[in-house]
Amino acid sequence: MSSDVRYCEKFSYVFLKISLIVYATIFWLVGGFILAIGIYAEVERQRYKTLDGVFLAPSIILIVLGVMMFIVSFIGVLASLRDNLMLLKVFLYTLTFCLVLELFGGIMALLFRNQTVDLLNKNIRKGIVNYYDDLDFKNIMDFVQRKFKCCGGKEYSDWGVNMYHNCTAPGPLACGVPYTCCIEKKPFEVANTLCGYQVLDKERLSLQDTIHIRGCTDAVFIWLMDNYKTMAGLLFGILFPQFFGVIISWLYITRVEDAIAEYGHYQDGLLETVDSGFRTVRKQGRMAKCCRCMPEID
């Protein structure tokens, strides 16, 4: 075999380029879709809300997530199309930072589980204060209480911090809890919105047949532990695409740097130069058992 033919790396330049373009384009489109949904949800929230509370507003979360995905993925698309090393490294470092941050946050939350639960309960109590004013939080809390058969954050007595459910408040809601805390005795029955009437001043054990007395924080954590396979699959589905993006970006950057070192200068049309190298190898009749071999080009 001629000495001017050298074995290439495991993945060819063309394969890595196409893979990165497809990867970045998919997440670019997904980011744009999430951003559009977030903007629409925020417009609706601004139209119907009564106060300026943004606690746990899904629209804000969607907008932030959509903007980040859209910008980072657009950088990845542009960098892979133009073989721009600076943008490629920005894309790689941003993906790596996000992945490390998510892993670090998850590990810290597990290591300091009690502090995490206390912080979550504290924020839920803040949300309960504005329960009737923040429609986003109200919908989330109602869904969680129905789904996980729970009431409040730490326990059902958390509803005492709400100005309408406080025992000193006037009106039929005083010293009570929302109807989504109530135990559903018959499926699909019409909800009694006053089923939680005057429950906050009663003994805990006497309420077992009336409302769900366990807090939603504990209920959600128990559900997560019981459905660990589902959670493992969800985490894998979130982290694996990011890990794949980091690997494919790193391999592509390495391949571009090798090509630049081989030709001695940088070209925007690096793909055409590589294709020319392919044709040169075929014309000269050189063969090699590798995924791509490059000749010495004068």
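**Entry 1. The second largest pocket**

I take a pocket to be an open set of grid points with protein on both sides within 12 Å along at least five of seven lines, and its lining residues to be those having an atom within 4 Å of a point. I worked throughout on a predicted model. With that definition in hand, I looked up the second largest pocket and found 15 lining residues. Gly106, Ala109, Leu110, Met231 and Leu235 are the ones that lie nearest its centre. I then noted which elements give two or more residues to this lining, and they are α3 (85-111), α4 (113-129), α6 (216-226) and α7 (228-263). Helix α3 gives the most, with six residues. By class I recorded 10 nonpolar, three polar and two charged residues in the lining. The space in this second largest pocket is about 600 Å³.

**Entry 2. Layout of the chain**

I next set down the overall plan. The chain has eight helices and two strands, and from the N terminus the order is β-α-α-α-α-α-α-α-α-β. Of its 298 residues, 34% count as buried.

I consulted the UniProt record, an unreviewed entry, which places "transmembrane region" at residues 20-41, 53-78, 90-112 and 232-253. I checked two of these spans against the model. Residues 20-41 are 100% helix and 0% strand, with end C-alpha atoms 31 Å apart. Residues 90-112 are 96% helix and 0% strand, and there the end C-alpha atoms lie 32 Å apart.

**Entry 3. Helix α2 and the residue after it**

I turned to α2, which covers residues 58-82 and has 25 residues. From first C-alpha to last it reaches 36 Å, close to the 36 Å expected at 1.5 Å a residue. I listed its buried residues as Ser59, Gly66, Met69, Val72, Ser73, Gly76, Val77, Ala79 and Ser80.

What follows α2? I found aspartate 83 there, with a positive phi near 55°. Aspartate 83 is not a glycine, yet its phi is positive. The residue sits in the loop between α2 and α3. Is aspartate 83 buried or exposed? Its relative accessibility is 1%, so I count aspartate 83 as buried.

**Entry 4. Helix α5 and the loop beyond**

I made the same check on α5. Its 13 residues should span 18 Å at 1.5 Å a residue, and the end C-alpha atoms are 18 Å apart, so the length agrees. Asp136, Phe137, Met141, Asp142, Val144 and Gln145 are buried in this helix. Lysine 149 follows α5 and has a positive phi, near 55°.

I then looked at cysteine 175, which is found in the loop between α5 and α6. Its phi is near 65°, a positive value in a residue other than glycine. Cysteine 175 counts as buried because its relative accessibility, 4%, is under the 20% cut-off.

**Entry 5. Nonpolar cores**

I looked up the largest nonpolar core and recorded 22 residues, of which Met141, Tyr156, Trp159, Val177 and Ile211 touch the most other members. Helices α4, α5 (135-147) and α6 each supply at least two residues of this core. The largest share, three residues, comes from α5. Apart from this core lies another, of 18 residues, with Leu88, Leu92, Tyr252 and Val256 among them.

**Entry 6. The cavity**

How many cavities of 30 Å³ or more does the structure hold? I found one. The largest cavity has about 30 Å³ of space. Its lining consists of His165, Pro172, Leu173, Gly176, Val177, Thr193, Leu194, Gly196 and Tyr197. By class this lining has five nonpolar, four polar and no charged residues. I noted that Val177 appears here and also in the largest nonpolar core.

**Entry 7. Leucine 95 and serine 249**

My last check concerned leucine 95, which is found in helix α3. Leucine 95 has a relative accessible area of 11% and is therefore buried. I paired it with serine 249: the two are 154 residues apart in sequence and 9.3 Å apart in space, C-alpha to C-alpha. Both positions fall within spans that the UniProt record places under "transmembrane region", namely 90-112 and 232-253.

Key:
Residues are numbered from 1 along each chain as its sequence is written. This is a predicted model: local features need pLDDT of at least 70, side-chain atom pairs count only at pLDDT 80 or more; totals for chains, interfaces and linings use all residues. Side-chain values use heavy atoms; hydrogens and water are left out. Helices (H or I, at least four residues) and strands (E, at least two) are DSSP runs, numbered from the N terminus. The expected span of a helix is 1.5 Å times one less than its number of residues. Buried means under 20% relative accessible area, exposed over 50%, partly exposed in between (1.4 Å probe, protein chains only). On a 1 Å grid over the protein atoms alone, a cavity is a set of points where a 1.4 Å probe fits but cannot get out, and a pocket is an open set with protein on both sides within 12 Å along at least five of seven lines; lining residues have an atom within 4 Å of a point. Grid points are joined across faces, edges and corners, and a volume is the space filled by probe spheres set on the points. Ala, Val, Leu, Ile, Met, Phe, Trp, Tyr, Cys and Pro count as nonpolar, Asp, Glu, Lys and Arg as charged, and the others, Gly among them, as polar. UniProt positions are given in the numbering used here, feature names are shortened, and annotations may be inferred rather than shown by experiment. A nonpolar core is a set of buried Ala, Val, Leu, Ile, Met, Phe, Trp, Tyr and Cys residues joined through side-chain atoms within 4.5 Å.
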